[in-house]
Structure formats: structure tokens, C-alpha cells
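Me: I've got a model open and want to talk it through from the basics. Can you help me read it?

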Amino acid sequence: MTDPMIVDCDRALGFTIPARDARGRIARLGPVVSQVLTAHDYPPPVEALLGEALTLGALIGATLKDASGQLTMQAQTQTGIVRLMVCDYRGGELRGYVDYDADRLAALADPWGLAALFGGDAYLAITFDLATTGERYQGIVPLDGTTLAEAVESYFAQSEQIPTLVRAAFARGPGGDHVAGGLLLQHLPDGEEGRERLHTQLDHPEWERVAILGRTMGLDELTDSTLSLETLVWRLFNEEEEVRLLPHLTLAKGCRCSPDYIAGVLAKFPPAEQAAMADEDGIITVDCAFCATKFPIRAASV
């Protein structure tokens, strides 16, 4: 049901379908994605790219069993208009930024889609850092497909060998606010004791039905904040024998920059290089690429 009084945003909800050997995550971002994007004033194609990336970061990051672990997703190219796109997730907090050539983007007649923005030599890297064990897992694949969602599907197929369906959407709400939503469905892995990254069974007799149902999810439904996440799961799988909902995760904008952190980074540079960075008043101004905050640090205090 649609209820105009509901505003369901900045949450990720997990679920499993035991009889189908499947698991899923569904997420929607509202104020979080607006806070990240408005700090940079990106043009619409770049805005949509990062909005989708943040949604995918929430979906994948929410699958981490290590609550203090971090998921980093990075797309990079040497020749494209978008030189670098980075977003990460840790403990429900999201951040991201895009480095792009504004002049080349403005001159492009059709600046939409991965091929237009990244060119043909781009790659996608997804990294899992597990704080409790100190382990790190990384997969790197070509940036295939027309959307980031398709590229993430390709990553799971090539790097993780996990059958995966990904849907993601970005839009402007009725009041002009940003809203993004996504769905991730996966075949349940055949676990190995003690392993965080898992391999799947060779046959997937139940997966096809789950994927077919997942593809019926409309992009407009994912970005409709008057539809609760629980309602969307029910719409997809109400005919299943059992669907188990997991505790939801609250999502927030988070950046780990601070004056102390910046000063610690500057302290690693030799005094001569610190002096070269400072202005005539002895101030080193450092911009955080993620949150666009400027940190003035007095060189003599480093």
C-alpha cells in the first residue's frame, strides 16, 4: 500500500528466503544522499552516478558480518570524463565523491551511461576490510554494462561466483530532494567453516524464480519513499512459503576527517614540504574530497 504519511528512507533491510536458498537486501536513501551530493554541486549525470554508487555501497556494505568492517567501491579510468569515483560504507555510514573533467562533460552531447562517462578502459574494484580479523578481500573487474548495478552484478559473477541480481535507481523527490533505492538478491552460498567470503553451489534450481521476481521490482518503487521497505519485500515474495526479515540498519552520512586526523597526515611530510604547502600566513589548507570541508592547519603546530 502507498501511504503519503510514510517517509521510509535511510534504511537497509535484509531478508532470506529459506526454501529458495536466497538472501537479499533492500535499501533507500533520502537525506543521506542529499547531504553527500549537495556538498559538491555535481551536474546531473555525475549526481546520478554517485547516487547509484552510494545505494550500492549501502546494499553491499550491509551484508558485512563484521559490524566494524568497511566496504569500499572504486571505479577508475585513465581516459574517461570521470577519472575516479569512490564511495565507502562502515557501520552504516556512507560517503563518496567523484573526480571528473567538467569541460569535457559539458561538451558531451549525451553524457549518460558508464561508457559515456568512463570510456572503455575503466575498472571496478570492490574491497572488504574486516576489522576484527584484519583480513582484506578485493576483487577487480572491467567496468562492464550500462549502469553501475550491472557492473556490480558482473563483479559478483566473476570475482565471487555468486549468482546476483542488482537493481538501483536515483531520482528527485516531489520537493526536489534526492532519493535513491536499490535491491540486491543473491543465491545463498554453500558456506565453508570460518570463511567470510563464500562459494556457491554448482547448481541453482531455485535461483531462477527469485531472479525473475526480483526483475519485476520497478525503479519507481525503489525511489518511492511512501512505500516501506517491508512493503516492497512483501510485493515481491508474498507467495513464498517463508520470508525471514532481518533487523534493519539505519544509514547515515559519515566522513572520518577531522583537524586531528588531517594534522596527523601532514605530520608525515618533511618540514620543507610542509612549509611549501603553507600560505604566507603559515596556514596549510586541506580540502576533504568526501565532505568538501576545508581544514586550515597552522604549519608550526603540525
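Reply: Let's fix one term up front: buried means under 20% relative accessible area, exposed means over 50%, and partly exposed lies in between (1.4 Å probe, protein chains only). This is a predicted model, where local features need pLDDT of at least 70, side-chain atom pairs count only at pLDDT 80 or more, and totals for chains, interfaces and linings use all residues. Residues are numbered from 1 along each chain as its sequence is written, and side-chain values use heavy atoms, with hydrogens and water left out.

Me: Which residues of helix α6 are buried?

Reply: Helix α6 spans residues 207-215, a helix being a DSSP run (H or I, at least four residues) and a strand another (E, at least two), numbered from the N terminus. Glu208 and Arg215 are exposed on the face turned away from the buried side. The buried ones are Trp207, Val210, Ala211, Leu213 and Gly214.

Me: Why do they count as being on the same side of α6?

Reply: The arc is that of the directions from the helix axis to the C-beta atoms. The buried residues of α6 sit on the same side because they cover an arc of only 165°.

Me: What covers that buried side?

Reply: Cover here goes by contact, meaning heavy atoms within 4.5 Å. The elements over the buried residues of α6 include β2 (22-29), β8 (164-172), β9 (178-187) and α8 (229-237).

Me: Which residue does arginine 209 pair with in a salt bridge?

Reply: A salt bridge is a side-chain nitrogen of Lys or Arg within 4 Å of a carboxyl oxygen of Asp or Glu. For arginine 209, the closest N and O atoms are 2.9 Å apart. The pair links distant parts of the chain, 31 residues apart, from helix α6 to the loop between α8 and β10 (244-245). Arginine 209's partner is glutamate 240.

Me: Is arginine 235 buried or partly exposed?

Reply: Arginine 235 in helix α8 meets glutamate 221 of helix α7 (residues 219-222), 14 residues along the chain. Their salt bridge has an N to O distance of 2.6 Å. Glutamate 221 counts as buried because its relative accessibility is 16%. Arginine 235 has a relative accessible area of 34%, so the label is partly exposed.

Me: And how many salt bridges are there in the whole structure?

Reply: Aspartate 88 and arginine 95 form one of them, with N and O atoms 2.9 Å apart at the closest. Others share partners, joining Arg20, Glu206, Arg209, Glu239 and Glu240 into one network. The search of the whole structure gives twelve.
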